[in-house]
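Thanks for coming. I will walk through one structure, and then we can discuss it.

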There are 2 protein chains.
Amino acid sequence: MQLFNNPSKQDWNGLLQRPYNDNTAVLQSVQSILSEVKQNGDAALRSLALKFDGAELKELQVSASEIEEAEVLLTTELKQAIQQAKENIFTFHSFQMHKPRSVETMQGIECWRKSVGIEKVGLYIPGGTAPLFSTILMLGIPASIAGCKEVVLCSPCNKEGKLHPAILFTANLVGIKKIFKVGGAQAIAAMAYGTESIPAVYKIFGPGNQYVTAAKQLIQVSGVAIDMPAGPSEVCVLADETANPAFIASDLLSQAEHGVDSQVLLVSTSEPMVQKVLQEVKKQLEQLPRKDLAQKALNNSKAIVVNTMDDAIEMVNEYAAEHLIVCCRDAEVIAEKISNAGSVFIGNYSPESVGDYASGTNHTLPTNAFARAYSGVSVDSFVKKITFQKLSKDGLKNIAQTVIEMAEAEGLKAHANAVRVRISEP
Amino acid sequence: MQLFNNPSKQDWNGLLQRPYNDNTAVLQSVQSILSEVKQNGDAALRSLALKFDGAELKELQVSASEIEEAEVLLTTELKQAIQQAKENIFTFHSFQMHKPRSVETMQGIECWRKSVGIEKVGLYIPGGTAPLFSTILMLGIPASIAGCKEVVLCSPCNKEGKLHPAILFTANLVGIKKIFKVGGAQAIAAMAYGTESIPAVYKIFGPGNQYVTAAKQLIQVSGVAIDMPAGPSEVCVLADETANPAFIASDLLSQAEHGVDSQVLLVSTSEPMVQKVLQEVKKQLEQLPRKDLAQKALNNSKAIVVNTMDDAIEMVNEYAAEHLIVCCRDAEVIAEKISNAGSVFIGNYSPESVGDYASGTNHTLPTNAFARAYSGVSVDSFVKKITFQKLSKDGLKNIAQTVIEMAEAEGLKAHANAVRVRISEP
């Protein structure tokens, strides 16, 4: 990690920049995959599965017997853990669905807003080095609370044409029936356009590599909604001299092990604390299986010491981290001052990994400073909020002059007329 | 309007298609405007104002004295109408801001979610044929309820370098201080990248022509959030034999007068009703100043008769209209069955124009069937919802095994370690 001591404010912007990743080439190659799937449907998916996953697939959809098998292949401990995580995530998200509340804005004018689950949604779950079954909980549970009627899941299979049992078990646990062995950009294309086997959906969720990300960007332009723009995962730790260096080192490393492009930032008011953390990082790094990966991520990472806690708070708000861990005296008071972050972890006993798996909050969060304008996934992400209004004849009379004045001032005579024709009725 | 009598279900999809508009050429010309503004800032904006608006501008920002003058130029009646609309919109939107609610998902694990206003937002208000001051209410009021700190407004000026007084009066009424005389794609570029005069913002809202829409599409790919994808405005009326043909005709016309690309759809279970509506449309059309425009929009519009109310409901849900007017027996019961729409107008005395201006609901709504996945603008659109979690040491112990099991099954050892290092502390 590189250490910066009291950088001047004009240097903050440069220091806090994420590395720019030009994906023009990726977008082009992904565009041709999208076209291929749009044109050839299932046949394209089969040939791409052979090309990219090395799998010869007869059926794209996971069968009921494959799902049954999966349950047997997992340990009881893991199944219990997934069950417990499910319960906590359900508990937290169940408070995010709001009942309609009618408001009478004027006498005779009733307005309300109703959340309705998006009918068809698609979830993408990456395969590759690790089976990210936790993401199925994070997407499948709010989809189910929202009342989405059709939930489609795509994930790349291995050479034998199988999905990891933890993925199948978790999908089944949250009630997802339509699971397909399709990965990469071709999975996004399949869910956007539909194929013979895979239904087209209205919104696509989930993380993925640069091809998946590019595919989501492209289908969004064509009108299919996506959860949020994506970038490499990141953590920012805000620590004063009261923090525990070993705890902080473990948090920085748990982000760094995600991949070489992971972003890790430590902001502190105490240089001695930062020095202790750096030593701890070295020590703990030695014991990690993904040590080389983590080391590379750390080489690009920064520790910044600032003079005051106010400066530190300003800096982390400017950075707008996906995950922000606050290990400071009065951590909860400081957390109140956070205006830009995906999810905030307060105090010494709230490591990021609890939110990644099981505290109950969602782990699909805005990276790359998108937290300045975007929220993490929640039940909101799976519903549309439709507004309704019902006016009585008197209600319309109460508002008529207002509407007529405004419509005519905007030069929209027929808008005014729609009111006039009603109130002039005998 | 073209009349379709009981089309078979397999033809619905074709019938309900919006016209496809290839905007590749527009995207290219807009890209060069974006680059010009990014590179040359205010100088580019001045030269584009001269080119497109015919105005030679010294100052891009509207001055305090221009705002003062505006108030004098409006009639008392219009000012009262705007004030009344403001009150209703405020009343309805004020219930959309939720206080954080803490949930204890397990003993010692507290999670909550807090809405925080997006710090910097930009509003685009079209000029051109009509001054759309009503849109300032629809965007400025929720921005103010959300607590957005910096609200920037851009709108094109006339040849004399002036904005319409109703725009200035309304902006001032909702507390917007930074108003700029910049229109078109260049306004979107200015708010996305920032210039010497105009601050860069994190999210951009508002309607516009195809250049503005293309600019919003392009800056969204580069990471600036936008309100929603855009298309031509549209209304769908669902009517049975109890409806009032004159009322319905007035609603169809108030949509048609928006422009030649406006979409108007009438779905009914009663052919005699449809025939009466068509006659009324002809009659009312004659009296409209924007008659030619409306006539062109109507030429592309459809009236569809179906056999049953269930079919009618299925059809309007498939169409997913921006505005849906329900004029039927038991209109409220039918409205309950609507799953795809931007805003719903219930009964004979709820014309679309009340929602366009003053009932209290928002008029910035998803067009082009985007209502299947998108909501209209609300206070939600101006906030990020940040999640928080705070675990006690016992809380962490309660969840430790769950997190460790799941992290290790995903191959993320350092994630497990961040928990282990904390619970193994003496």
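I will go from the two chains to their interface, then to the cores and the cysteines.

First, the conventions. This is a predicted model, in which local features need pLDDT of at least 70 and side-chain atom pairs count only at pLDDT 80 or more, while totals for chains, interfaces and linings use all residues. Residues are numbered from 1 along each chain as its sequence is written, chains are lettered from A and ligands numbered from 1 in the order in which they are written, and side-chain values use heavy atoms, with hydrogens and water left out.

How are the two chains related? Chain B superposes on chain A after a rotation of 180 degrees with 0.0 Å of shift along the axis, at an RMSD of 0.0 Å; the fit is by least squares on the C-alpha atoms of residues with pLDDT of at least 70 in both. The two copies are therefore related as by a two-fold rotation axis. In chain B, the C-alpha nearest that axis belongs to B:V221, at 4.2 Å.

Now the interface. Contact here means heavy atoms within 4.5 Å, and 116 residues from chain B and 116 residues from chain A take part. Of the interface residues of chain B, 100% are also interface residues in chain A, so the copies meet through the same surface. About 10,500 Å² is buried between the chains, with carbon and sulfur atoms giving 59%; this is accessible area lost on being put together, with a 1.4 Å probe, summed over both parts. On the chain B side, B:Y349, B:E410 and B:R422 lose the most area, together 8% of what that side buries.

The interface also has ten salt bridges, that is, a side-chain nitrogen of Lys or Arg within 4 Å of a carboxyl oxygen of Asp or Glu. A salt bridge joins A:K390 and B:E332, at 2.8 Å from N to O.

Next, the nonpolar cores: sets of buried Ala, Val, Leu, Ile, Met, Phe, Trp, Tyr and Cys residues joined through side-chain atoms within 4.5 Å. Buried means under 20% relative accessible area, with a 1.4 Å probe and protein chains only. The largest core has 258 residues, and A:I248, A:F382, B:I248 and B:F382 have the most contacts inside it. Another core, apart from that one, has 30 residues, including A:L16 and B:W112.

Last, how many disulfides are there? Zero over all chains, taking a pair of cysteine sulfur atoms within 2.5 Å as a disulfide. For B:C111, the nearest cysteine sulfur is that of A:C327, 16 Å away. B:C111 counts as buried, at 0% relative accessibility.

How values were computed
Buried means under 20% relative accessible area, exposed over 50%, partly exposed in between (1.4 Å probe, protein chains only). Buried area is the accessible area (1.4 Å probe) that two parts lose on being put together, summed over both.
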